[in-house]
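Trainee: Could we go through this one together, with me asking and you reasoning it out?
Mentor: Sure, pull it up and let's start.

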Amino acid sequence: MSREAAGWRRAAAMAALFLGALVSLALQLAPLGLHAGARVSPDLVWCVVAYVALRRPDAAHPLLVFGVGLLQDMLATGPFGAGMLTLLLTSEFLRAQSRWLKRRPILIEWLVVAMAALAAIFVQWLMMTVSFGDPPALGELAPRLGLTVLAFPFVAAGYRYLLRIGAVADNEDDRVFGAA
Amino acid sequence: MASNTDDMDRSMGRAMQRILVFVLCLVSIAIFILWRLDNPRVERIRMALVDALAPSMEWTGEPLQFLAEMATDFENFTRVYEQNQELRQEIQRLRAWREVAQQREEENAQLRALNKVRLSPRIAYVTGEVIADSGGPFLAAGLVNVGYRDGVADGAAAMDGAGLIGRVVGVGRRTARVLFVTDYSSRIPVKVLPSGKRAILSGDNTPAPRINFLEDPALDVRPGDPIVTSGDGGVFPPDLPVGVALADPEGRPRARLSADFARLHFVRLLRYDPNTVVENPGGLITRPSEISPDQEATPMMGEAG
């Protein structure tokens with residue numbers, strides 16, 4: 001594939017990440033259940049970023065991921081700054097694992113994603129605790145973690161089979177930045 | 001030679017990317033610290049962005065809300081006969097209570113007139129619609145489509161038709177963020193009726209927040225006691241309905257909220273100005289030499305005249 005074509009594919013993947021994150025954020029913000037206990041929903045924005053960082057690491061540019069995290073933190077009332085940080089760290093971790101996971105079974109990839117999701121939620125909880133915030137108990141966050149991990153395959157399937165993002169061969173990795 | 005150049009370029013690119021990631025992480029941590037230290041200012045910046053995106057949030061939220069309401073309506077349709085019976089019984093009960101309420105109102109007015117009691121100014125409010133659920137696992141909050149151009153102030157109480165739902169924690173020009181009473185960081189000064197005992201309603205992400213800081217929970221509150229705001233601190237108006245006391249399985253007092261969060265569409269944000277507060281006693285004290293003989297017979301400030 002020519003360098004120009006690779007560049008266009010990369011731009012398309014970046015646009016797909018951004019638009020997917022916007023759609024996920026809109027779903028998250030819909031006022032469907034405001035009562036306590038009705039608020040458990042998967043972190044679809046995280047799923048989108050995680051998938052693109054794994055399957056198209058060249059498209060998950062740190063600035064783009066930072067922008068997505070900033071948008072999410074500003075609109076959704078989470079710990080402002082903690083969401084951005086965990087999204088960045090997650091995308092870098094998964095980018096580093098992307099080559100190693102390419103030849104591994106899908107379950108191994110899912111397990112790695114689950115561990116990354118757990119670490120992301122734990123880091124946010126830790127930041128709130130250390131700064132004398134009022135975070136929920138770790139057990140209260142387990143349903144959201146579980147739903148996020150369960151939602152990941154659906155997000156991955158949507159990107160891979162509908163948008164054809166991530167269905168690339170080895171020799172189409174971006175040569176400018178490359179995966180770590 | 002060419003491949004060496006390519007390798008060097010790739011190494012340089014990776015190094016630059018790592019530096020960029022490190023800088024962005026530092027920026028994120030700095031934003032977090034700023035948010036924890038200076039919440040109101042950061043909240044204003046947040047609300048400015050929400051103001052810009054509020055119309056699109058309404059547009060995207062409506063279809064989903066419509067689908068959710070369709071599902072609820074279908075569920076309700078299947079039990080329409082039972083609901084009809086329940087509603088008929090409720091109407092009969094309410095008719096009886098209406099008579100009682102009218103009698104009480106007349107008695108109240110007569111008693112006030114006898115004691116020459118001056119009522120506090122009426123509390124004004126502005127009604128808005130919930131356009132987004134901006135909450136998450138760490139915070140329970142919602143966005144309302146009224147802001148400071150409509151007279152909404154930071155800290156204003158938010159109610160639905162039945163009871164308190166929370167308070168305003170961020171105000172933009174056209175939107176406001178409401179922190180719900182069920183949130184972990186929500187603390188509302190309340191009092192238990194009829195004893196009048198003061199307590200704090202503490203959210204814990206359950207539908208029935210805890211009632212803390214009662215002197216003797218076993219004596220001060222009983223299941224079924226009404227819970228209202230106490231007005232302590234001057235943040236909320238007093239006597240706003242909050243809920244009804246109940247005991248959890250461990251015997252700890254909680255409040256079953258009067259507000260219906262499951263059907264929360266319209267919200268009232270109260271515009272409350274407490275009565276003038278005397279900040280120093282100097283204005284109340286007059287030197288004896290300044291009192292004229294005519295003024296000695298005049299009732300002092302604060303007494304019913």
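**Talking through the model**

Mentor: Keep in mind that this is a predicted model. In chain B, the secondary structure comes to four helices and twelve strands.

Trainee: Okay, what percentage of the residues of chain B count as buried?
Mentor: A residue has to be under 20% relative accessible area to be called buried. Chain B has 305 residues, and the share of them that counts as buried is 32%.

Trainee: And how much of the accessible surface of chain B belongs to carbon and sulfur atoms?
Mentor: The accessible surface of chain B comes to about 19400 Å². The part belonging to carbon and sulfur atoms is 57%.

Trainee: On to the strands. Which strand of chain B is joined to β2(B) by four bridges?
Mentor: β2(B) has bridges to β1(B), residues 124–132, but there the count is two, in the antiparallel sense. One of the residue pairs there is B:Val130 with B:Val144. In the pairing you're after, also antiparallel, B:Gly142 stands opposite B:Val178. The strand joined by four bridges spans residues 176–180, and that's β5(B).

Trainee: Are the residues on the two faces of β2(B) buried or exposed?
Mentor: Take the strand, residues 141–144, one side at a time: B:Ala141 and B:Leu143 are on one side, B:Gly142 and B:Val144 on the other. Both faces are covered, and the four residues are all buried.

Trainee: Which residue in β12(B) does B:Thr127 stand opposite?
Mentor: β1(B) and β12(B), residues 266–271, pair in the antiparallel sense over six bridges. Within that pairing, the residue opposite B:Thr127 is B:Arg268.

Trainee: How far apart in space are B:Val169 and B:Glu43?
Mentor: B:Val169 sits in β4(B), residues 164–171, and B:Glu43 is 126 residues away from it in sequence. The two do touch, and B:Val169 also touches B:Asp154, B:Arg177 and B:Leu179. From C-alpha to C-alpha, the distance is 8.0 Å.

Trainee: Why does B:Val169 count as partly exposed?
Mentor: Partly exposed runs between the 20% limit for buried and the 50% limit for exposed. B:Val169 falls in that class because its relative accessibility is 22%.

Trainee: Now B:Met12: why does that residue count as exposed?
Mentor: B:Met12 is in helix α1(B), residues 2–37. The residue belongs to a nonpolar surface patch that also includes B:Phe22 and B:Leu37, with about 990 Å² of accessible area together. Exposed means over 50%, and B:Met12 counts as exposed because its relative accessibility is 55%.

Trainee: Which helix gives the most to the largest nonpolar core?
Mentor: That core has 65 residues, and A:Leu17, A:Trp46, A:Phe152 and A:Tyr159 touch the most other members. With eleven residues, the top contributor is helix α2 of chain A, residues 44–55.

Trainee: How many residues are in the other core, apart from that one?
Mentor: Among the members of this other core are B:Ile165, B:Phe180, B:Ala199 and B:Phe261. The count is 39 residues.

Trainee: Last one: is A:Glu109 buried or exposed?
Mentor: A:Glu109 is in helix α5 of chain A, residues 106–130. Beyond its neighbours within four places in sequence, A:Glu109 is in contact with A:Leu54, A:Arg55, A:Leu101 and A:Phe152. Its relative accessible area is 5%, so A:Glu109 is buried.

Technical notes
Residues numbered from 1 in each chain as written. Chains lettered and ligands numbered in written order. Predicted model: local features only at pLDDT ≥ 70, side-chain atom pairs only at ≥ 80, totals over all residues. Heavy atoms only, no water. Buried < 20%, exposed > 50% of the residue type's maximum accessible area, 1.4 Å probe, protein only. Areas by Shrake-Rupley, 256 points an atom, 1.4 Å probe, with all protein chains shown as cover. Pairing = 2+ DSSP bridges. Patch = residues over 30% accessible without salt bridge, like charges linked within 9 Å, V, L, I, M, F, W, Y side chains within 5 Å. Salt bridge = Lys/Arg side-chain N within 4 Å of Asp/Glu carboxyl O. Core = buried A, V, L, I, M, F, W, Y, C linked by side-chain atoms within 4.5 Å. Contact = heavy atoms within 4.5 Å.
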